[in-house]
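Hello,

Here is the structure I promised to pass on to you. Have a look at it first, and then read on for what turned up.

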Amino acid sequence: MAFTLYSLLQAALLIVNAVAVLHEERFLRHVGWGSDQGIGGFGEEPGIKAQLTNLIRSVRTVMRGKVTIFYLNIIACKVLFLCFN
């Protein structure tokens, strides 16, 4: 398999999907990355753990429905290319 832009986009989509399906209570809280941990005071800079937790929560919120649409597009492209090659 050659390293192409399509394979790079497909790998990025797999990573976004992995982040989007993380469940906070089942997985993240057991690792110590729950929403109640890492809460700083007012005016304090958030640590790297709090920033990553916020990024994971944001990706889950924004990309949950869109990942399905992206996967359907990839499946359609693969079916079309397999049928015509």
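**What was found**

Let me start with one residue: L5 counts as exposed, as its relative accessibility is 61%. Please keep in mind throughout that this is a predicted model.

L5 belongs to helix α1. On the surface, L5 joins F3, L8 and L9 in a nonpolar patch, and the accessible area of these four residues together is about 490 Å². L5 also has a companion in its own helix: along with I15, L5 is an exposed residue on the face of α1 that is turned away from the buried side of the helix.

Now for the helix itself. Helix α1 runs over residues 5-20, which makes 16 residues. From its first C-alpha to its last, α1 reaches 22 Å, and this is close to the 22 Å expected at 1.5 Å a residue.

Which residues of α1 are buried? They are S7, L13 and A20. These residues lie on the same side of α1 because they cover an arc of only 140° around the axis. And what covers them? The cover includes α3, the helix of residues 48-84.

That brings us to α3, where two residues are worth a look.

- R60 has its place in helix α3. Is R60 buried or exposed? With a relative accessible area of 14%, R60 falls under the 20% limit, so R60 is buried. Apart from neighbours within four places in sequence, R60 is in contact with V19, A20, L22, E24 and L28. One of these contacts, A20, is also among the buried residues of α1.
- T53 is found in helix α3 as well. T53 is buried too, at a relative accessible area of 11%. The C-alpha atom of T53 is separated by 6.5 Å from that of W33, although the two residues are 20 residues apart along the chain.

Finally, here is the chain as a whole. How many helices and strands does the chain have? There are 3 helices and 0 strands, and the order from the N terminus on is α-α-α. Of the 85 residues in the chain, 15% are buried. The chain exposes about 6,900 Å², and 69% of that area is supplied by carbon and sulfur atoms. As for contacts in the chain with a separation of 6 or more, 60% of them are accounted for by residues 24 or more positions apart.

If you want a place to begin in the viewer, try α1: find L5 and I15 on the exposed face, then turn to the buried side with S7, L13 and A20.

Best wishes

Conventions: Residues are numbered from 1 along each chain as its sequence is written. This is a predicted model: local features need pLDDT of at least 70, side-chain atom pairs count only at pLDDT 80 or more; totals for chains, interfaces and linings use all residues. Side-chain values use heavy atoms; hydrogens and water are left out. Helices (H or I, at least four residues) and strands (E, at least two) are DSSP runs, numbered from the N terminus. The expected span of a helix is 1.5 Å times one less than its number of residues. Buried means under 20% relative accessible area, exposed over 50%, partly exposed in between (1.4 Å probe, protein chains only). The arc is that of the directions from the helix axis to the C-beta atoms. Contact means heavy atoms within 4.5 Å. Accessible areas come from the Shrake-Rupley method with a 1.4 Å probe; for residues, only the protein chains shown count as cover. Patches are made of residues with over 30% relative accessible area and no salt bridge: like charges are joined within 9 Å, nonpolar side chains (Val, Leu, Ile, Met, Phe, Trp, Tyr) within 5 Å. A salt bridge is a side-chain nitrogen of Lys or Arg within 4 Å of a carboxyl oxygen of Asp or Glu.
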